[in-house]
Protein chains: 4
Amino acid sequence: EHPLFLIAGPCVIETEQLALDTAGTLKEITGALGMPFIYKSSFDKANRSSHTSYRGPGIEEGLRILAEVKSQIGVPVLTDVHEDTPLQEVASVVDVLQTPAFLCRQTNFIQNVANMGKPVNIKKGQFLAPWDMKHVSAKALATGNRHIMVCERGVSFGYNNLVSDMRSLTIMRETGCPVVYDATHSVQLPGGQGTASGGQREFVPALARAAVAVGISGLFMETHPEPDRALSDGPNSWPLDRMKALLELLSTLDRTVKASPLL
Amino acid sequence: EHPLFLIAGPCVIETEQLALDTAGTLKEITGALGMPFIYKSSFDKANRSSHTSYRGPGIEEGLRILAEVKSQIGVPVLTDVHEDTPLQEVASVVDVLQTPAFLCRQTNFIQNVANMGKPVNIKKGQFLAPWDMKHVSAKALATGNRHIMVCERGVSFGYNNLVSDMRSLTIMRETGCPVVYDATHSVQLPGGQGTASGGQREFVPALARAAVAVGISGLFMETHPEPDRALSDGPNSWPLDRMKALLELLSTLDRTVKASPLL
Amino acid sequence: EHPLFLIAGPCVIETEQLALDTAGTLKEITGALGMPFIYKSSFDKANRSSHTSYRGPGIEEGLRILAEVKSQIGVPVLTDVHEDTPLQEVASVVDVLQTPAFLCRQTNFIQNVANMGKPVNIKKGQFLAPWDMKHVSAKALATGNRHIMVCERGVSFGYNNLVSDMRSLTIMRETGCPVVYDATHSVQLPGGQGTASGGQREFVPALARAAVAVGISGLFMETHPEPDRALSDGPNSWPLDRMKALLELLSTLDRTVKASPLL
Amino acid sequence: EHPLFLIAGPCVIETEQLALDTAGTLKEITGALGMPFIYKSSFDKANRSSHTSYRGPGIEEGLRILAEVKSQIGVPVLTDVHEDTPLQEVASVVDVLQTPAFLCRQTNFIQNVANMGKPVNIKKGQFLAPWDMKHVSAKALATGNRHIMVCERGVSFGYNNLVSDMRSLTIMRETGCPVVYDATHSVQLPGGQGTASGGQREFVPALARAAVAVGISGLFMETHPEPDRALSDGPNSWPLDRMKALLELLSTLDRTVKASPLL
């Protein structure tokens, strides 16, 4: 078993300086823990609750900043793509592509993204049973791309609420793909603030600990130096200055669990 | 209050003859009831559970057949579009565009479809609270298109199951848009047959009666002369030869309810 | 098919005058509609959210008032019983016994109540699948009592919310017992007011119309002349002065649906 | 923070020898880990899905066996009580009383049990939000009994399924009472075998690891030397011969998490 890897960064790209600072801090923390790290940030939030919310700097400026993170900080970068994203352009810059939960059933889209040949992190729909991710990953694997990851980010539980079914992390291993747990979108309250999604940041450590104890390949987290001022998904982002303590504990749990024959 | 209108037809376009026959039968039934009728069929099922399922005849042949239905039978036609659909091409043939439930949060897509200027039936996501449809419809209405409909088709209820929350039909009226109930997708068991969705056809009449009694503008139903041999969504399609009896009862219920000041 | 019967009254017994007035009004309305009527009220609310809430007048005074309703107004009466209720004492006064949803799986209790020989209305647990009510009704029927009714009152849907799955009204017919729909507890928001349950009275007519259109034997509703001043379950009670209009419409829907071979 | 304690044993009392053997084995395992241990078994299963299922040896023989476990093995014992249980009789033998999930809202019952003065483990209803357990524990604490525990055992998630919302373990700490996680009933499939509940034993270790990593005071597990031959709840029982490996890992996780300031 490999050690836990981390995908983390601010939800949306805000400024170049914020991107570089966040990536630098996270590289330092994860480096000390021997934890592989991939920087994440979005250039366009295509599915905000309301059409008046901030969507990001756009593709050109967004990719420029991600390229700077990659070259100046020296870490691989991930971003999410949508149906109308110019995939070649994005794939020429980023190291990992990510597909949104709402789009996990769009066959052409999943296959187009997988066809870029880059590793892909496929988020499981909030409406999907964990065993149905094998059909989703099969669509991606059918392109010949062998670097497919599957990611749990909570499942619909009544209205404006998600629940993380920890059984799903075990079930999704049957896809043969590395399983990632998204600890920050899992605490979203979809639509919970009227024109935006709310979030329960306070539950991030508990759910992250739980998922790592179940046994996962990777952890996804959105983080921000000042979550309450973040331009997207602040309510469910984890403060950057509290990442070190959390990741240290998670790294210990990960090693403990992966050393056990029970996993 | 206007009388209940019907959107109906086979899930996917199979053959021209099947399309014409089905449309003709439905026109006859609804005509006798004074029930406005829109013919529905898809040319490409872009989000099948498995990538090996039948997807349809494709756009060219599909639009040709829809145009024949329109001209030969003399009924308006509806089809569903996806993010990579050439919208202009489809809009040049069909009378009503429909957006899939999974895509209800894709801002660009919803606005691109609304921008075609045609009436649009927006299906509510299986993961969305009914009050959040006002943000979705607001995105569409912001384009200036005033012919937006909102459609309930069941909400996630545990795994591989949907429930029709009849409160949602009342709540969605607050969008100011006509509310449509999809009585056949609401009985789907998503992923319930392993590599395909199952369905509980036997509950269609009960749920359709319930929705009409709550008070709706339109009813959506998939129907097929031989549901067990349908190439898509057979398990939840209602047999064509049982449409007449069902629609007669629904029409009576609709008139009764709409005559009451309680609605 | 028999015409729809009504079980209705204030949630908890408040005063004798209120009981007589409410029963009288309801008898008059239902009599004009040819709708059989059973008066309902509780003498002790044994499962309030908080232990500081009003629980009722107690068994002695409660039964005295129910006996007055019966003799002065001339209608059968129903009350709910709990595990520590002296069943013989209650059964000597009331015509129908009712068991609470939370207790539907308590084998001894269900059988003890059925053994009283009176008709029993068994409420389905908020945690129970509709097909599992056949095991519950089988426990009651095993006592030899043939007058068992099964009652839907909503199923858990996330936290502090219930949803009425209208399929359940059809599924529960397989018990062979008359199916009752509880239109007012189904709009409860359990625990939704902190120390008490909230409710969405505004959805009562829509859900009642839906259930009657699906086809039920009986309808259960809590009603009060001044719901906002009711001592229990006010938020989900339907105003007494609006019962007539609602019942007239429901009676028409019931006759329409039961005349159809589709039911 | 105290180390994790364990409540474990076969669901229902089968024979004296089985009880003694199981208790002895568990005492040995937990002793080596410094893990406080309470033996659990039921003398009467009062809420089986079907009235034809095995219910247990009855109170007299059941208490006799529990007393033997206590004296011969030297461990405290716990059993569950119901509304018609003679509480004094049970409390004169057992060390901890447990109340069933279905009965968590029965005010008199909860208070009667708490009035015995023994520690009480209150299981949270499958229909209850975690924040509503503060009203339940308040009822018990109002009796003056300060030894109240609250226990998560899964929440209704669609039909015949439960989900363990790990957030609830954090939320229930606000009751001020020790939080227990029931790792075996949480994998039940209620009603999932038709006339009995099914279970997913294979998920017990993953959910137990998750709960311990979130941080809990105690863990509840049903175990049996031969789960497939158990007379109750076999499908969700964990094999006795696999307890040692699991508890060793859980003990390590517990110490790791409780040493962290993040908990």
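**Exercise 1. Find the residue of chain D that comes closest to the rotation axis, then work out how the copies are arranged.**

Step 1. Gly158(D) is the one to pick: of the residues of chain D, its C-alpha comes closest to the axis, at 1.9 Å. Keep in mind that you're looking at a predicted model.

Step 2. Now see what the axis does. A turn of 180 degrees, with a shift of 0.0 Å along the axis, lays chain D on chain B with an RMSD of 0.0 Å. The two copies are thus related as by a two-fold rotation axis.

Step 3. Check the surfaces that meet. Of the interface residues of chain D, 100% are also interface residues in chain B, so these copies meet through the same surface.

Step 4. Try another pair. Chain B goes onto chain A by a turn of 180 degrees and a shift of 0.0 Å along the axis, again with an RMSD of 0.0 Å. Here too the same surface serves both copies, as 100% of the contact residues of chain B recur in chain A.

Step 5. Look at the predictor's own scores. The complex gets an ipTM of 0.95 and a pTM of 0.96, while chain A has a mean pLDDT of 95, with 99% of its residues at 70 or more.

**Exercise 2. Work out which residues surround Arg153(D), and how far away the nearest side chain of opposite charge is.**

Step 1. Place the residue. Arg153(D) is in the loop between strand S6 (148-152) and strand S7 (155-156) of chain D.

Step 2. Look for a charged partner. Arg153(D) is buried but has no salt bridge. The nearest side chain of opposite charge belongs to Asp182(D), and that is 5.2 Å away. A salt bridge would need the nitrogen and oxygen within 4 Å, so this pair doesn't make the cut.

Step 3. Look for a polar partner instead. The side chain of Gln188(D) makes a polar contact of 3.3 Å with that of Arg153(D).

Step 4. Fill in the surroundings. Leaving aside neighbours within four places in sequence, Arg153(D) is in contact with residues including Ala101(D), Lys123(D), Lys124(D), Gln126(D), Leu162(D) and His185(D). Asp182(D) and Gln188(D) are among its contacts as well.

**Exercise 3. Follow the salt bridges and say which parts of the chain each one joins.**

Step 1. Get the total: there are 52 salt bridges over all chains.

Step 2. Start with Asp95(A) and Lys70(A), whose closest N and O atoms are 3.2 Å apart in a salt bridge. Asp95(A) lies in the loop between helix H3 (87-91) and strand S4 (96-99), and Lys70(A) in helix H2 (residues 59-73), so the pair ties together parts of chain A that are 25 residues apart in sequence. Asp95(A) is partly exposed at 21% relative accessible area, and Lys70(A) is partly exposed at 30%.

Step 3. Compare a pair within one helix. Lys258(A) and Asp254(A) form a salt bridge of 2.8 Å, N to O. Both sit in helix H8 (residues 243-258) of chain A, four residues apart, about one turn of the helix. Both are buried.

Step 4. Turn to chain D, where Glu16(D) and Arg64(D) form a salt bridge with their closest N and O atoms 2.9 Å apart. This one links distant parts of the chain: helix H1 (residues 16-33) holds Glu16(D), helix H2 (residues 59-73) holds Arg64(D), and the two are 48 residues apart. Relative accessible area is 24% for Glu16(D), which is partly exposed; Arg64(D), at 35%, is partly exposed too.

Step 5. Finish in chain A, where Glu16(A), Glu61(A) and Arg64(A) are linked in a network of salt bridges.

**Exercise 4. Decide whether helix H7 of chain C is enclosed or open, then look at Ala211(D) in helix H7 of chain D.**

Step 1. Count the buried residues. In chain C, eleven of the eleven residues of helix H7 (residues 204-214) are buried, so the helix is largely enclosed by the rest of the structure. Arg209(C) is among the buried ones.

Step 2. See what follows. Just after H7(C), Gly215(C) takes a positive phi of about 110 degrees.

Step 3. Switch to chain D. Ala211(D) is in helix H7 (residues 204-214) and is buried, with a relative accessible area of 0%.

Step 4. List its contacts. Not counting residues up to four places away in sequence, Ala211(D) touches Met166(D), Leu169(D), Tyr181(D) and Ile216(D). The C-alpha atom of Arg167(D), 44 residues apart along the chain, is separated from that of Ala211(D) by 9.6 Å.

Conventions. Residues numbered from 1 in each chain as written. Chains lettered and ligands numbered in written order. Predicted model: local features only at pLDDT ≥ 70, side-chain atom pairs only at ≥ 80, totals over all residues. Heavy atoms only, no water. pLDDT = per-residue confidence, 0-100. Buried < 20%, exposed > 50% of the residue type's maximum accessible area, 1.4 Å probe, protein only. Lys, Arg positive; Asp, Glu negative; His and termini not counted. Polar contact = N/O pair within 3.5 Å; in protein donor to acceptor, adjacent residues only side chain to side chain. Contact = heavy atoms within 4.5 Å. Least-squares fit on C-alpha atoms with pLDDT ≥ 70 in both.
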